[in-house]
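Visitor: Hi! Could you walk me through this one?
Guide: Happy to, let's look at it together.

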Amino acid sequence: MSEYLRRYIVDKKHHQFRKDHPELEHLAERFAGEELSPKERMTRRFELAASLEEPVLLPEEQICFMRTVKKLPDCFTQDEWDEIKKHHFIHELGYMSNLSPNYERVIAGGLLAEREKADEYGVRIIDAILDLTERYRRKAMEEGREDIAQVLARVPAYGATNFREALQSFRIIHYSLWLEGDYHVTTGRFDKYMYPYLKADMDRGLYTRESALELLEDFFLSFNKDSDLYPGVQQGDNGQSMVLGGIDENGRPVFNLLSELCLEASRHLMLIDPKINLRVDKNTPLRIYELGSELTKAGLGFPQYSNDDVVIKGLEKLGYEHKDACDYVVAACWEFIIPKVGADVANIAALSFPKVVDVCLHRDLESCDTFEAFMDCIREEIGRECDEICGGIQDLWFVPSPLMNIMIDGGVYDGAKYNNFGIHGTGIATAADSLAVISKYVYDEKRFDAKTLIEAVDSDFAEHGELLPLLRNEAPKMGNNEDLPDSLGVDLLGSFAASLKGRKNCRGGIYRAGTGTAMYYLWHADQIGASPDGRRAGEPFGTNFSASLFARINGPLSVVRSFTKPDFTDSINGGPLTMEFAASMFRDPDSVSKVAALVKAFIDMGGHQMQLNAVNSELLRDAQIHPEEHRQLVVRIWGWSAYFVELDRAYQDHVLARQQYVV
Amino acid sequence: MPEKGIIFDIKELTVHDGPGPRITVFVKGCPLRCRWCHNPEGLTAKPQLLWKENLCVHCGRCFVPCGHEECRPYGRCLHACERGALSIAGEEMTAAQLAKRLRGYEDMLKMMGGGITFSGGEPLMQPEFVYECAELLGGFHLAIQTSGYASPEVYRRIISRMDYVLQDIKLADPEAHRAWTGVDNAPILENIRWLKESGRQFVFRVPLIPGITDTPENLTAIAGIAGEHRVELMPYNTMAGAKYAMVGMKYTLGSEPNRAMDYTRFFENAVML
């Protein structure tokens, strides 16, 4: 890689080329005045933005295309959105997101071939892309960068004939999807569809391992050029996930030289994009886990592992065809989706387990004679919550994206082959621990009664404060391999999955239960006060499928044991067990290998998804005080990595509050 | 009645305590008083109150008389602190109880190619307990980390039950050994002589304490004892003093790290950990 180019991008020097354009102001108002259709708006906005783009070739780069148009205006006015929302359920920003486009087809066949089959809007967007490409090509000629010009003469108009063309073609299409207004655009099984190009080139002697890595790193840099312009809850939440390894539809392992190079490139670049995921299964050799752990050691929060044995089976149970299930990737964070043919909305809503407990605590506890009777109330309440969540998602509408429509087989305007909705399940440990307290102390030991517990919770432990040390520090917690809380966790997740089973969504698809939290670990925590597990009001939940933040945990083996107890094939929307290890844990190669063995054990024991972080808390604390000295410090948030200093304080504090395992 | 042992920690996924990922059992009580010891709560063989000053807000609730039997020896209520500033180091249990707890991880440890390591403190201080644990933990890969300060009978009896030995050598010079660890190294050296001939798998462990054990003289002398056997050099833990305040003790060494040099050069077969 060109270190110069890396520094150039890290130092944001390329931002100097960005401009605001008056032409883009009040776009929605003008569109509204002309009463344009949504497709026409999307197309016009794209044509306009593409025409305003100015070709810029950064020094030493081999893979070009970056945004100079700073801000993409909305296609609809606020009044129009208000009107749309009266008739439709709008997911997040309303534009298409969290899809995994068919890069493979378009890179191989070229945009001109797509143009033949596209609708009128698709044709216009393709023309705009090709026009911008031509302007880039001319710029390259002017600057004497003939290698770039030569590549652009071929792609993306025609199919790529070599690795570099394939990478450049990907870059232009990926860039264009974001420029269209789609977001959380993922890269899919990159090593699977890109490797044939690399292999052919290497067979012809065009690349060595080193020169291929250099080009790949240049390409990886391109993910970081415009990402700050992409929408997300926080900087870094941009969904540029990349999935490596796994099996193909015949059960053969995909992991290849390109997979290995991707892990290496990510480790060298030390940037937050692309976000690396590694698919593994019980036959994956330890060596691949070791390569993964080498990357974990770098501290980027990559890779995230997912277990093919569990995920594929779970997706098939939900009705996905075998070959599609085998091809699964992750959406922006960890939601399992199908590339090329799927239009699942994998993060459409979230169920708060602690809220369910809170409702039943106040409504039912005093009238339940047995804990089992109370658990029946909990299960019923989960069903009711699911009724409410699912009932609220009617007439889903997305702004139609002509280019994305081309990129998903069969089109995506009104859904695609798969149109399932994923629901996160948040705060599972907080809920299971709370139920464990109720079971153990209220019913079994009768240490205090329901009324006392409710008063304590309602007053945030101002009353009955003497219970707090017991509840926080001595009560059983999920994550310590104790039957009571762990089995309650299994029960909660199972009830959630069972409640969603058989429901049809408004697009003819089904619902999927998951173990992720996303930002709900803060949002849902604020919806309730304190909880019976001794969590005080305002304290967040754990990230995704993890122990409660303040729980005293025996160690990583207990955590793995506790968090592999559920049968995840019934709740396979995604959401990893997250563990933080002190960076010192990775000091020597032998230790890295031992961490790799832990991940392998997790997978072999039937865990579904895992994500490890190497954390240096002292550095993080210093970064809160001296942000300017730690601009490049990276942390994992809930399904994506970010530069620590760019995060809001609440997210920074959450990272610091997670339990760390040290040597 | 089987004899009870006393342990002060069970640590999961230890990565420097033998082959593969391990669970390390820290047995409480040690005959040595190494000035660099970073587990001061492992020194005495009795349960001990740990007070984490950084968590304490001096609310005084732990001083309110509580009547709990288990709190009586400490004059403080162990169940009063919501912040978890008070705890006890030292849990008494039978070998059967410990073995049962560890059995729960047998399949995982096997999957990972790891095992159980007895550390401390000094595990040879409770030989019957450790011996009985070893008997009950058949099927596990067992390791011991020891100063080697025990009678030859005890040493041989326990070591013979272990698959792997992490044998410390701290100081070769008897005088220096007495000065810095409080005990004579003659029994240790005798046990090491036996270990080398025993056919057991083992590794020597040398803590590099700046100006005390990391001197060329000491390392050269230790190299003479170690010969061609593998030696693992452990850099000085600059946080070694962190836990002293918790047990009301004072750490007397500094927090300067080792000099930047290649300590392995004194040895035939050494690595830095």
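Guide: A word on terms before we start: helices here are DSSP runs of H or I with at least four residues, numbered from the N terminus. Also, please keep in mind that this is a predicted model.
Visitor: Thanks. Which helix is B:Leu98 found in?
Guide: B:Leu98 belongs to helix 1 of chain B, which covers residues 95-103.
Visitor: And is B:Leu98 buried or exposed?
Guide: Buried, with a relative accessible area of 0%.
Visitor: What is B:Leu98 in contact with, leaving aside neighbours within four places in sequence?
Guide: The contacts of B:Leu98 beyond those neighbours are B:Ile7, B:Ile10, B:Val25, B:Met93, B:Phe118, B:Phe129 and B:Cys133.
Visitor: How far is B:Leu98 from B:Met111?
Guide: Their C-alpha atoms are separated by 21 Å, and the two residues sit 13 apart along the chain.
Visitor: Switching to charges. How many salt bridges are there over all chains?
Guide: The count is 78 over all chains. As background, side chains of opposite charge can pair when their charged atoms come close.
Visitor: Let's take one. What does A:Asp201 form a salt bridge with?
Guide: The partner of A:Asp201 is A:Arg204, and their closest N and O atoms are 2.7 Å apart.
Visitor: Why does A:Asp201 count as buried?
Guide: Because its relative accessible area is 1%, and buried means under 20%. A:Arg204, on the other hand, is exposed, at 52% relative accessibility.
Visitor: Got another one in chain A?
Guide: Sure, A:Arg363 and A:Asp364 form a salt bridge, with 3.2 Å between the closest N and O atoms. A:Arg363 is partly exposed at 42% relative accessibility, while A:Asp364 is buried at 11%.
Visitor: Now chain B. Which side chain meets B:Glu106 in a salt bridge?
Guide: That of B:Arg103, at 2.8 Å from N to O. B:Glu106 is buried, at 17% relative accessible area, and B:Arg103 is partly exposed, at 31% relative accessibility.
Visitor: Which residues do salt bridges with shared partners join into one network?
Guide: Over in chain A, A:Glu34, A:Glu40, A:Arg44, A:Glu47 and A:Arg124 are joined that way.
Visitor: Last topic, cysteines. How many disulfides does the structure hold?
Guide: The total is 0 over all chains.
Visitor: Which cysteine sulfur is nearest to A:Cys390?
Guide: That of A:Cys386, 5.8 Å away. A:Cys390 is in no disulfide, because a disulfide needs its two sulfur atoms within 2.5 Å.
Visitor: And is A:Cys390 buried or exposed?
Guide: A:Cys390 is buried, at 6% relative accessibility.

Key: Residues are numbered from 1 along each chain as its sequence is written. Chains are lettered from A and ligands numbered from 1 in the order in which they are written. This is a predicted model: local features need pLDDT of at least 70, side-chain atom pairs count only at pLDDT 80 or more; totals for chains, interfaces and linings use all residues. Side-chain values use heavy atoms; hydrogens and water are left out. A salt bridge is a side-chain nitrogen of Lys or Arg within 4 Å of a carboxyl oxygen of Asp or Glu. Buried means under 20% relative accessible area, exposed over 50%, partly exposed in between (1.4 Å probe, protein chains only). Helices (H or I, at least four residues) and strands (E, at least two) are DSSP runs, numbered from the N terminus. Contact means heavy atoms within 4.5 Å.
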